[in-house]
Amino acid sequence: LLLEKRGKIIKEELAWEIERGKHINNDDLERAREVYRRFEDTWLRQVFDEFDALAIPSAQVWPFPIEWRYPERISSTPMDSYHRWMEVCVPVSFGGLPCVTLPAGINDDNNLSIGVQLFGKRKDDAKLLILANDYYEVTEDLHSKVAVAESPNACLTIR
């Protein structure tokens with residue numbers, strides 16, 4: 001699970017990232033910039049015309065055993081890389097959006113929690129923090145007792 005690289009112990013997945021990064025060239029960077037421009041023009045601008053904030057699960061699966069490198073499947077879908085099990089977070093990170101993660105529930109099977117990420121448009125950090133505080137106050141009993149969210153893949157929108 002861990003590799004030694006230049007005298008330091010790192011996870012195999014990080015070594016994979018480093019090796020892939022060494023082969024990125026200017027054409028790759030330009031393609032990535034174009035993908036981002038399309039993402040920004042089509043999704044980022046439109047979604048916040050209708051909503052002040054959105055909420056997504058903090059991960060696509062409940063916490064898994066520490067012995068796993070990452071989940072190899074979600075339901076019947078195989079994960080082709082360690083990124084896939086957490087790709088639900090990509091639009092928020094990719095968009096450089098303000099985001100806060102809050103408790104959402106605890107799994108009865110292993111008593112481990114999952115969160116919900118509230119995110120908003122750029123430069124709306126203060127508005128998002130107020131909303132996060134309101135959410136936390138409304139769901140205060142969730143933090144002191146075991147509760148199970150119906151599905152960690154559900155999407156919640158806040159108007």
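**Entry 1: the hairpin of β6 and β7**

I start from the rule that two strands count as paired if DSSP finds at least two bridges between them. I keep in mind throughout that I am reading a predicted model.

I looked up strand β6, residues 99-106, and found that 7 bridges join this strand to β7, with the two running antiparallel. As one example of these partners, I noted that P103 is bridged to G115 in β7. I then went to the turn of this hairpin, where 6 residues lie between the strands, and I saw that N111 takes a positive phi near 60° there.

**Entry 2: β3 against β7**

Which strand pairs with β3, and in which sense? I found that β3 and β7, the latter covering residues 113-120, are paired in the antiparallel sense over 5 bridges. Following this pairing residue by residue, I noted G120 of β7 as the bridge partner of A53, and I found A55 standing opposite L118 in β7.

I next asked how many of the residues of β3 are buried. For this strand, residues 53-57, the count is 5 of 5. I checked its two sides separately and found both faces covered, with A53, A55 and P57 buried on one side and L54 and I56 buried on the other. For β7, I noted that 7 of its 8 residues are buried, so this strand is largely enclosed by the rest of the structure.

**Entry 3: the cysteines**

Why do C89 and C99 not form a disulfide? I compared the sulfur positions and found that the sulfur of C89 has its closest cysteine sulfur in C99, at 7.4 Å, which is too far for a bond because a disulfide needs the two sulfur atoms within 2.5 Å. Looking from the other side, I found that C99 likewise has its closest cysteine sulfur in C89. The count of disulfides by this rule is therefore 0. I also looked at how covered the two residues are: C89 is buried at 15% relative accessible area, whereas C99 is partly exposed at 34%.

**Entry 4: S81 in its loop**

I located S81 in the loop that runs between β5 (77-78) and α3 (90-94). Is S81 buried or exposed? With a relative accessible area of 13%, S81 falls under the 20% limit and so counts as buried. I followed its side chain and found that it reaches the backbone nitrogen of H83 at 3.1 Å.

**Entry 5: a nonpolar patch**

I looked for the residues behind a nonpolar patch of about 240 Å² on the surface, and found that V35, V90 and F94 make it. I placed F94 in helix α3, and I noted that at 36% relative accessibility F94 counts as partly exposed.

**Entry 6: L129 in α4**

I ended at helix α4, residues 125-138, where L129 is found. Its relative accessible area is 54%, which is over the 50% limit, so I recorded L129 as exposed. I then compared its position with that of V100, and found the two 29 residues apart in sequence and 7.6 Å apart in space, taken from C-alpha to C-alpha.

How values were computed. Residues are numbered from 1 along each chain as its sequence is written. This is a predicted model: local features need pLDDT of at least 70, side-chain atom pairs count only at pLDDT 80 or more; totals for chains, interfaces and linings use all residues. Side-chain values use heavy atoms; hydrogens and water are left out. Helices (H or I, at least four residues) and strands (E, at least two) are DSSP runs, numbered from the N terminus. Buried means under 20% relative accessible area, exposed over 50%, partly exposed in between (1.4 Å probe, protein chains only). A polar contact is a pair of N or O atoms within 3.5 Å; within protein, one must be able to donate a hydrogen and the other to accept it, and residues adjacent in sequence count only if both atoms are side-chain atoms. Patches are made of residues with over 30% relative accessible area and no salt bridge: like charges are joined within 9 Å, nonpolar side chains (Val, Leu, Ile, Met, Phe, Trp, Tyr) within 5 Å. Accessible areas come from the Shrake-Rupley method with a 1.4 Å probe; for residues, only the protein chains shown count as cover. A salt bridge is a side-chain nitrogen of Lys or Arg within 4 Å of a carboxyl oxygen of Asp or Glu.
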